[in-house]
Amino acid sequence: MSEEQNNNNQNYQHEQHNQGYQNQQGQPVSSDIAVVSDMLPDILTVLPVDTRPFFPGITVPMTFTGPKFIEAIKNVANSNQPFLGLVLVKEPDQQDFMNSEMYEVGTVVKIHKIVPVQEDSLQVLVQGLQRFSYVKSVRKDPVLQWQVEYYSDPDEKPSEELKAYTLSIVSSVKELLKKNPVFQEQIKMVLNQISIEKPGMLMDLITAMLTADGEKLQDILATYDLYKRAEKLLVLLKEEIERSQIQEEIQKQINEKVSKQQREFFLREQLKVIKRELGIEKDDKESEIQKFKDRMKNLKLSQEASEVINSEIEKMQTLEPSSSEFQVTRAYLNTLTELPWGIYSQDRLDIQEARRILDRDHYGLKDVKNRILEFISTVIKKGKHTGTILCLVGPPGVGKTSVGRSIADSMNRKFFRFSVGGMRDEAEIKGHRRTYIGAMPGKVIQSLKRTGTSNPVIMLDEIDKMGVSFQGDPASALLEVLDPEQNKDFLDHYLDVRYDLSNILFITTANQLDTVPQPLLDRMEVIKLPGYILQEKVQIAKKYLIPRQIKEHGLKKSEVNISDEALRRMIDEYAREAGVRSLEKNIAKVMRQVTLRQSETGQKRFSITKNNLEKYLGNPVFTTEKLYTKKMPGVSLGLAWTSMGGTTMYVEASAVKSKQSGFKQTGQLGKVMEESSEIAYSYVRSLLCELNGNEDGLAKYFKDNFIHLHVPAGATPKDGPSAGITMALALYSLATNKPVRQDLAMTGELTLTGKVLPIGGIREKTIAARRVGVYNLIFPKDNQKDFEELPDYLKKGIKPHFVDYFDDVLDVAYNHK
């Protein structure tokens with residue numbers, strides 16, 4: 001349906017508007033062209049048309065597409081009476097256009113000529129003769145045929161009233177021509193050649209030229225009475241005139257706006273020429289060049305930079321402002337002259353003020369602050385930056401970024417931070433070459449442009465999360481940036497001019513050092529920020545987090561009070577991570593609950609205690625890390641380090657009677673940890689053979705049983721060698737059926753000879769043990785110095801046991817040494 005419908009309607013509308021009233025010789029056509037002897041049949045083949053009806057007195061070529069249309073037209077053309085009925089569709093049938101619901105009044109047309117257009121299309125020259133109305137349906141398939149009744153306009157001379165109507169129509173048409181001259185020539189021809197003595201024909205031809213809706217046009221076609229037809233046509237002409245007036249007003253407004261803009265443009269151009277002639281103003285190119293020269297006067301440029309800028313200015317003078325090369329050169333000069341060449345901020349040379357700022361912004365972190373103050377004192381003593389690169393390492397939320405900002409404040413330097421986490425393109429560090437569209441300098445040069453000084457504090461966040469791709473290795477590109485021996489002559493690809501970065505204090509942050517490339521790590525001084533213990537978190541919350549959240553939520557200090565007991569419970573059961581980020585989120589949640597309840601109940605003051613904390617935060621997220629309340633053979637408690645801080649970790653071992661011995665591990669263990677478990681299994685088995693003989697007693701235990709070792713929290717990946725003695729003790733406990741004391745936790749790497757090797761993360765593991773209330777800890781002997789360096793408040797109440805061999809572990813576990 002849609003193909004036939006669209007082809008018919010589009011061709012019909014277009015051709016009717018352009019040549020609807022002309023014959024093949026270009027002259028107006030009327031129903032008088034029909035031969036008198038032509039007899040119109042009572043039974044008429046009917047074809048549907050869409051959008052607008054066909055009017056009598058019009059000759060147009062129409063295109064019909066589709067097998068049903070072609071068959072119907074050919075049958076009629078080959079008959080003695082080549083007449084068709086064209087009727088406007090009322091409700092189109094989406095499946096079969098020929099079956100659409102149609103109006104009851106249409107126009108009978110005579111087929112004059114048929115020209116094949118395509119395989120399934122015909123172009124037919126038809127002449128509209130007169131109106132007809134539906135009487136009854138005679139046939140529906142394969143073609144639609146109606147019995148019809150014809151109507152022709154009266155031939156008698158029109159009355160004076162009808163002439164007056166006709167003259168009004170002609171007057172309206174002339175007025176319409178003034179507004180819309182699209183069909184001016186054609187309508188003039190109609191008015192000149194068709195007399196008002198034939199009002200019906202004149203009205204039909206004019207109606208066919210209008211752009212009104214098909215429904216309104218059909219109403220005129222179905223109006224037989226000439227007086228009523230004239231009234232309806234006058235209404236349509238009035239609407240057409242009003243529509244043309246609106247279009248004319250819109251077009252006038254657009255033309256006025258465009259003319260105004262063009263006038264202003266020409267005036268501005270004339271004003272520019274006049275000002276240039278009088279020496280009052282320079283053109284855009286000259287003003288840009290002067291701007292760059294003025295900037296150069298305030299900069300202490302290197303010789304290389306000065307030569308490059310002058311060379312680019314000379315090139316810019318020869319270029320047209322409209323050329324692309326001019327825009328590239330201007331952007332390059334803009335970047336070069338906006339950099340702070342030779343501009344430095346004055347360092348604060350007051351160590352006491354630096355200590356005050358660090359103490360103001362951070363609670364605790366005594367070791368970290370001392371390391372930072374040592375660095376600042378060296379800068380004060382020497383009078384310049386020593387080239388040291390600081391690397392702050394610690395779990396999320398311990399304050400690495402804020403420490404970097406405090407360092408900048410204490411030294412009175414500008415601070416700029418950008419993250420290199422996930423960075424895969426070395427051009428982000430060293431810039432893009434200017435041959436690329438949209439090229440720009442690297443992040444380091446951009447930071448200097450933003451801060452406006454050549455000695456800011458620049459923080460490279462998440463340096464342990466850089467990636468590598470086909471676009472390059474940004475970690476390798478950082479080697480030149482962070483190396484004190486190289487960065488004094490840093491060459492950015494975009495600038496292509498050496499810039500001195502040696503006065504910049506670079507600070508990097510990382511959660512762990514395992515993924516940081518060793519050459520990059522060698523250039524940095526590592527400062528570790530361990531997690532906070534419960535007492536430190538309470539003080540941080542009271543001094544920093546609670547006041548900040550009260551302010552951010554528009555509350556007053558007197559409106560909300562959180563007790564120390566509530567804070568301790570919040571830290572232990574809702575925010576147990578090493579940092580304080582989750583703790584601040586929970587405090588913010590409490591504040592939101594307070595503001596909500598104030599709005600709903602009108603209550604002014606709220607007190608959050610240990611007992612009502614769940615009403616604000618819901619059920620606790622964490623329960624105790626202790627899984628066992630009674631002693632069990634084959635279970636031991638270890639200490640582990642993660643990027644989130646320290647944690648406790650149980651190791652479980654069980655045995656199944658089997659004809660064949662065997663050993664398997666579960667708990668999503670990494671390769672290193674699996675190897676540690678194999679070492680523990682082999683060592684304990686050899687130890688029991690050595691103590692009990694090769695064939696008797698415990699020596700046969702591993703031979704007669706299949707051993708299964710499991711580390712709980714199976715969804716969490718685990719790796720590392722520090723659980724060696726923990727797994728060995730669990731296997732020993734299982735084989736000997738001796739439970740391990742519950743107040744004991746341990747960490748240490750085990751070798752096949754029973755030697756206990758040192759591990760890392762002593763501070764974090766000690767904090768984890770304190771959190772679960774375990775105070776008897778086993779550490780490798782070589783880690784004794786690390787434990788002794790811990791602050792006294794962390795060591796308080798802890799009873800450390802330093803072991804050299806696994807025999808020492810057994811003495812502590814069973815002999816309570």
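**View 1. Tyr pair Y732 and Y814 in the predicted model.** Y814 is partly exposed, with a relative accessible area of 21%. In this predicted model, the structure has 17 aromatic pairs. Y814 and Y732 form one such pair, which is tilted, with 6.0 Å from centre to centre and 50° between the planes. Y732 belongs to helix 24 (residues 724-736) and Y814 to helix 28 (residues 806-815), so the pair ties together parts that are 82 residues apart in sequence. Y732 is buried, at a relative accessible area of 10%. K738 also belongs in this view: K738 lies over the face of Y814, 5.8 Å from the ring centre.

**View 2. Aromatic pair of F787 and F802**. The two rings are edge-to-face, with centres 6.0 Å apart and 65° between the planes. F787 is in helix 26 (residues 784-788) and F802 in strand 25 (residues 799-803); the pair links distant parts of the chain, 15 residues apart. F787 is buried, with a relative accessible area of 5%, whereas F802 is partly exposed, with a value of 25%.

**View 3. Aromatic cluster and a charge over a ring.** F663, Y681, Y701 and F702 make up one aromatic cluster. Shown with the cluster is the pair of R434 and Y332, in which the charged end of R434 sits over the ring of Y332, 3.8 Å from the ring centre.

**View 4. Salt bridge between E239 and K216**. The structure holds 31 salt bridges. In the one shown here, the side chains of E239 and K216 meet at 3.1 Å, N to O. E239 lies in helix 7 (residues 226-278) and K216 in helix 6 (residues 214-221), so this salt bridge ties together parts that are 23 residues apart in sequence. E239 is partly exposed, at 27% relative accessibility. K216 is also partly exposed, with a relative accessible area of 36%.

**View 5. Salt bridge between R413 and D347**. Their side chains meet at 2.9 Å, N to O. R413 is in the loop between helix 13 (400-411) and strand 9 (415-419), while D347 is in the loop between helix 10 (324-338) and helix 11 (351-361), so the pair ties together parts that are 66 residues apart in sequence. R413 is buried, with a relative accessible area of 7%. D347 counts as buried at 16% relative accessibility, because the limit for buried is under 20%.

**View 6. Salt bridge between K755 and D804**. The N to O distance is 2.4 Å. K755 is found in the loop between strand 22 (749-750) and strand 23 (756-757), and D804 in the loop between strand 25 and helix 28, so the pair ties together parts that are 49 residues apart in sequence. K755 counts as partly exposed at 22% relative accessibility, and D804 counts as partly exposed at 22%.

**View 7. Salt-bridge network of R131, D153, D204 and R229**. Salt bridges with shared partners join these four residues into one network.

**View 8. The largest cavity**. The structure holds three cavities of 30 Å³ or more. The largest has a volume of about 40 Å³. Its lining consists of H385, G387, I389, P484, N487, L501, S502 and I504. By class, four of the lining residues are nonpolar and four are polar, and none is charged.

Notes. Residues numbered from 1 in each chain as written. Predicted model: local features only at pLDDT ≥ 70, side-chain atom pairs only at ≥ 80, totals over all residues. Heavy atoms only, no water. 1 Å grid on protein atoms, 1.4 Å probe; cavity = no way out; pocket = protein on both sides within 12 Å on 5 of 7 lines; lining within 4 Å. Points joined across faces, edges and corners; volume = space filled by probe spheres on them. Nonpolar A, V, L, I, M, F, W, Y, C, P; charged D, E, K, R; others polar. Phe/Tyr/Trp six-rings, centres within 6.5 Å; stacked < 30°, edge-to-face > 60°. Helix = DSSP H or I, 4+ residues; strand = E, 2+ residues; numbered from the N terminus. Buried < 20%, exposed > 50% of the residue type's maximum accessible area, 1.4 Å probe, protein only. Lys NZ or Arg CZ within 6 Å of the ring centre and 35° of its normal.
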